[in-house]
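User: I am new to reading protein models, and I would like to understand how each label is reached. Could you take me through the reasoning with care?

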Amino acid sequence: LNPFNMAATSVRFFRRLLAPSRLVAVSRRGLADAEASSGTTFPLTFSAPHSAFFNAMPVVQVDVPATSGNFGIRPHHVPVLAVLKPGVVTVIEEESKHSKYFVSSGTVTVNGDSSVQIIAEEAAPLGHFDVQAAREGLEQCQQRASSSGSEQDKTEAMIGVEVYEALVKALE
């Protein structure tokens, strides 16, 4: 299964969920430029092909699920580029205002000026998902993964298992 088919499969599983890799370091690691990113917030742009959640909006922190491990981003974070895995992106706009989104996959970029871009293959607010539908999808994918189908069918089912497991965990 080539990477394009894997991404397309992940997107298909993600779309079914809506209710009615590696970390790459910048060659010169260091904190963000203090002049460009003074203060306690940083601009976040977060979008998916069919929706934009934030467009250079000031936020306090973002927690992301990366293939190299989950991590939090705050002002003056070291510049990085990371691949997102299925999981929850938590955006803290103010100390008392949190937003949670489920992402299927994508990338996160932290720039030297402390701006952050999250580009997701698919994303939706966590509240748009149904835990029972996610459990049923997980069970179906687990059955397909253990059946005697083709390698492509098994690989697609394993991608589905990964997405559904992350969603069920996020919803419980």
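Analyst: Let us begin with a definition: a residue is buried under 20% relative accessible area, exposed over 50%, and partly exposed in between, using a 1.4 Å probe and protein chains only. This is a predicted model, in which local features need pLDDT of at least 70 and side-chain atom pairs count only at pLDDT 80 or more, while totals for chains, interfaces and linings use all residues. Residues are numbered from 1 along each chain as its sequence is written, and side-chain values use heavy atoms, with hydrogens and water left out.

User: Why does histidine 76 count as partly exposed?

Analyst: Its relative accessibility is 25%, and partly exposed is the class between the limits of 20% and 50%, so histidine 76 receives that label. Histidine 76 sits in the loop that joins strand S5 (71–73) to strand S6 (80–84), where strands are DSSP runs of E with at least two residues, helices are runs of H or I with at least four, and both are numbered from the N terminus. Although histidine 76 is not a glycine, its phi is positive, at about 70°.

User: Is serine 114 buried or exposed, and how do you know?

Analyst: Serine 114 has 2% relative accessibility and therefore counts as buried. This residue belongs to the loop between strand S9 (106–110) and strand S10 (116–120), and serine 114 also has a positive phi, about 75°, without being a glycine.

User: What makes glutamine 61 buried?

Analyst: Its relative accessible area is 18%, and the limit for buried is under 20%, so glutamine 61 is buried. Glutamine 61 lies in strand S4 (residues 61–64), and its side chain makes a polar contact of 2.7 Å with the side chain of aspartate 63. A polar contact is a pair of N or O atoms within 3.5 Å; within protein, one must be able to donate a hydrogen and the other to accept it, and residues adjacent in sequence count only if both atoms are side-chain atoms.

User: Why is the pair of phenylalanine 46 and tyrosine 101 called edge-to-face?

Analyst: Rings of Phe, Tyr and Trp (its six-membered ring) pair if their centres lie within 6.5 Å, and planes under 30 degrees apart count as stacked, over 60 as edge-to-face and the rest as tilted. The structure holds 5 aromatic pairs; in the one between phenylalanine 46 and tyrosine 101, the centres are 5.2 Å apart and the planes stand at 90°, which is edge-to-face. Phenylalanine 46 is in strand S2 and tyrosine 101 in strand S8 (residues 97–103), so this pair ties together parts that are 55 residues apart in sequence. Both phenylalanine 46 and tyrosine 101 are buried. Phenylalanine 54 also forms an edge-to-face pair with tyrosine 101, at 6.1 Å centre to centre and 80° between the planes, and ring pairs link Phe46, Phe53, Phe54 and Tyr101 into a cluster.

User: How do you know that the length of helix H2 agrees with what is expected?

Analyst: The expected span of a helix is 1.5 Å times one less than its number of residues. For the 16 residues of H2 (residues 131–146) this should give 22 Å, and the end C-alpha atoms are 23 Å apart, which agrees. In H2, Ala134, Gly137, Leu138, Cys141 and Ala145 are buried. They cover an arc of only 105° around the axis (the arc of the directions from the helix axis to the C-beta atoms), which puts them on the same side of H2. On the other side of H2, Gln140 and Ser146 are exposed.
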